[in-house]
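Subject: The two-chain model, with notes

Hi,

Here is the model I promised to pass on, with the sequence alongside it. Please open it in your viewer, and then read my notes with the structure on screen.

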Amino acid sequence: MLNVQAITKSYDKNEILDNLTFTVNPGEIIGLVGENGAGKSTLLRLLATIDKPNHGSLTLFDLSYKKNRKAVRKHIGYVPQDIAIWEELSVKENMQFFEKLSFQSKSIDELKQLCLEMNLDKWNDPVKSLSGGMKRKLNIAITLIHSPDLLLLDEPTVGIDLKSKKEIGAYLRKLAKEQNRMIIYTSHDMDEINELCDRVFCIGNDTFYEEILRNSGKDVILI
Amino acid sequence: MMDILYTRLLLWKKKSISMLVWLLLPIVGTILFITSANAIQEDSKVPVGIVLEEETALANELVDSIIASELVFLHVLSNDRALYELEKHELDSVFIIHEGFEDAVLSGKRNNIISSYRTELSFAYSPIKEMIVSLVQEETGRAKAANYILAMYERYGGTDPWTWDEITEQSKQKQIDENLLNTAFAYSSGKQADDNPSLLSWNAWGIWAILSLLSTLFLSDWIIREKNLAVSTRYTFIKKSLFSYYSQVIILYVLLIFLFDLLAVAAFTIFLDETISLSFVFVILSFRIMLCMLSISIANLFQRISSYYGISIIIVLLLAIISGIVIPISGFIPQHSLMNFINPLHAFISGNMTIMWNEIGLVSITLALLRKEISNA
């Protein structure tokens, strides 16, 4: 379980996040919505241990972010908004590159299987020749090499075709429901959020998104 | 380490051509530079004809002395041939060593023992004439001294009188040992060059040092590229600390480039007749470590790769000038001047281990990596 207690984050005098408290349970998919600059990416960076909060505490499976940062990272997979892959390498080489540095070793077959589960079958093709959707899938597949329990995705489907979006969505749902992973997901696509997420956090106390999502039957929380 | 090597090999394989270009630049550039400079120097020698009317030891010794000069390309010809080529301006001037040259020199005579011919286009006649005259004077002076010493033996007697040859040999040795103007070129290999160095004594390892600096700076651009790429965010979630990861990558770069340094040693031995001692290999290694550490420390300060390239070129030009490698300025810079002290190439060019700049490099790179580690902790 991820437990976020009264975290605050500000850069200089600009307060981005103010006293946020929430929990995420295993198997849950959380949608994170809010206008640009509301602090979605900042929150993900805090949850990913890339940044530190000014106040408050975070724990993951009772591991304190403050005291067990390295151990916490082994449970986290972070998919940045920018595609974080080597353009000059092939899909296979990208997977091998990050597997060598990963917390967990995986065989070449396991790596290939991971890609195939996401319908990423262009194993030997150079990344630069792939479509945007394929690159996004690889971006996620690399993050899953060490089988993280908490998956943080910063707009992972931005700018890709509907089919790839659906495939990624279906795979994430499978990860959460079959493998009990926690997933926190930011997107501006309300249909996608509606379809995929169990609960939605509207960051920045923004009622605009709450109203849009009110009729979806989802648990929409202003944070 | 093997994991890091594997990942680097994946990346190096994809940019192998550009990496090879930069890795080979110091070797190929130095060989091309030195061979071109030597060829130009050879072409710029003044063609001079010499006619030997007698084949005595002293006459041949004079010819050898002239050949040893870097100014002159000497042709030993018959009288007719020499004058014919002079008329066609294929020779700058012609010098004739007359019969009786050795006897004249041994008896201390200095008049009319050599004749010369020149044309209106003999632009180098005067300096060459002066050179030959000075060489003949050396011999006549030596002969006169030997005659005088032998005459003293005859007049005053002695227990162990010297022969003519012993006196002249001793005289030549004295001339070498107590020369008024003695120029010694000590190259970075620590070995003193021959006593009669080339007019353009290009230091192969000096040229190599400058080209190595340039190539190392350009090979270190990976630190800026990776810093700017989104993949760097993934380094938070790897099994190694950032300090350990980057340290190992840097060590691999040092080893890779050092392999090419060893290739340079082999290439210079084959193509430039350089003789390298084992201790000099350690000098190269210390220089290589310093170059890599400084280059990466400098690269780490930049966000934009174009600015880094610009500054790198300025650094190379500046160090090439103050090192006196391309333009010989060693005469203007005192041995222990501040300029030598601050020049990171100076120790290597002087044939010494690079110590102070390695310490500076180590501190700067450690600080840079610790900064990365702390910001990621």
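Below is what I found, going from chain A to the contact between the chains and then to chain B. Please keep in mind that this is a predicted model.

**The main sheet of chain A**

A good place to start is the open sheet of 6 strands in chain A, where the order is β6-β7-β8-β3-β9-β10 and the pairing is parallel. Its edges are β6 and β10 (219–222) of chain A, each of which pairs on one side only. On average, neighbouring strands in this sheet are turned by 15° against each other, direction ignored.

At the β6 end, β6(A) runs parallel to strand β7 (residues 150–154) of chain A, and 4 bridges join them. If you want a pair to click on, A:Y78 has A:L152 in β7(A) as its bridge partner. A:L152 is worth a longer look. Setting aside neighbours within four places in sequence, A:L152 is in contact with A:L44, A:L47, A:A48, A:I76, A:G77, A:Y78, A:V79 and A:I184.

A:L152 also belongs to the largest nonpolar core, which has 67 residues; A:L152 is listed there among those with the most contacts inside the core, together with A:I30, A:A141, A:I183, A:I184 and A:Y185. Helix α5 (residues 132–143) of chain A contributes the largest share of this core, 5 residues. Another core, of 50 residues, lies apart from it and includes B:W22, B:I34, B:W208 and B:Y245.

**A hairpin at the start of chain A**

Strands β1 (residues 2–11) and β2 (residues 14–24) of chain A pair in the antiparallel sense, over 7 bridges. Within this pairing, A:V4 has A:F22 in β2(A) as its bridge partner. The hairpin has 2 residues between the strands, and A:D12 takes a positive phi near 55° there.

**Helix α1 of chain A and the residue after it**

Is α1(A) enclosed or open? It is largely enclosed by the rest of the structure, because 6 of its 8 residues are buried. The buried residues of α1(A) are A:K40, A:L43, A:L44, A:R45, A:L46 and A:L47, so a lysine and an arginine are on that list too. Their cover includes β1, β2, β3 (29–33), β4, β7 and β8 (182–186) of chain A.

Just after α1(A) comes A:T49, with a positive phi of about 70°. A:T49 sits in the loop between α1 (40–47) and β4 (55–60) of chain A. Why does A:T49 count as buried? Because 21 other C-beta atoms lie within 10 Å of A:T49, and the cut-off for buried is 20 or more. A:T49 and A:Y65 are 16 residues apart along the chain, yet their C-alpha atoms are separated by 7.3 Å. Leaving out neighbours within four places in sequence, A:T49 is in contact with A:Y65, A:R69, A:V72, A:R73, A:I76 and, across in the other chain, B:T236.

**Where the chains meet**

That last contact leads to the interface, in which 22 residues of chain A are in contact with 15 residues of chain B. On the chain A side, α2 (69–73), β6 (76–79) and α3 (91–101) each supply at least two residues. The most come from α3(A), with 6 residues. By class, this side of chain A has 13 nonpolar, 3 polar and 6 charged residues.

**Chain B**

Chain B is divided into domain 1 (2–38 + 196–376) and domain 2 (45–177). Taken over C-alpha atoms, the centres of domain 1 and domain 2 of chain B are separated by 50 Å.

Chain B has an open sheet of 4 strands in the order β2-β1-β3-β4, with mixed pairing. Here the edge strands are β2 (72–76) and β4 (114–118) of chain B. Neighbouring strands of this sheet are turned by 25° against each other on average, direction ignored. Strand β1 (residues 46–52) and strand β3 (residues 93–97) of chain B run parallel, joined by 5 bridges, and B:G49 has B:V94 in β3(B) as its bridge partner.

Two helices go with this sheet. Helix α3 (residues 57–68) of chain B packs on the sheet and touches β1, β2 and β3 of chain B, its direction making about 145° with that of β2(B). Helix α6 (residues 125–156) of chain B lies across β1, β2, β3 and β4 of chain B and runs at about 170° to β4(B).

Best wishes

Conventions
Residues numbered from 1 in each chain as written. Chains lettered and ligands numbered in written order. Predicted model: local features only at pLDDT ≥ 70, side-chain atom pairs only at ≥ 80, totals over all residues. Contact = placed C-beta atoms within 7 Å. Nonpolar A, V, L, I, M, F, W, Y, C, P; charged D, E, K, R; others polar. Pairing = 2+ DSSP bridges. Core = buried A, V, L, I, M, F, W, Y, C linked by C-beta atoms within 7 Å. Buried ≥ 20, exposed ≤ 12 C-beta atoms within 10 Å, placed from the backbone. Axes fitted to C-alpha atoms, helices over the stretch in contact; angles between N-to-C directions. Domains from an automatic or database assignment.
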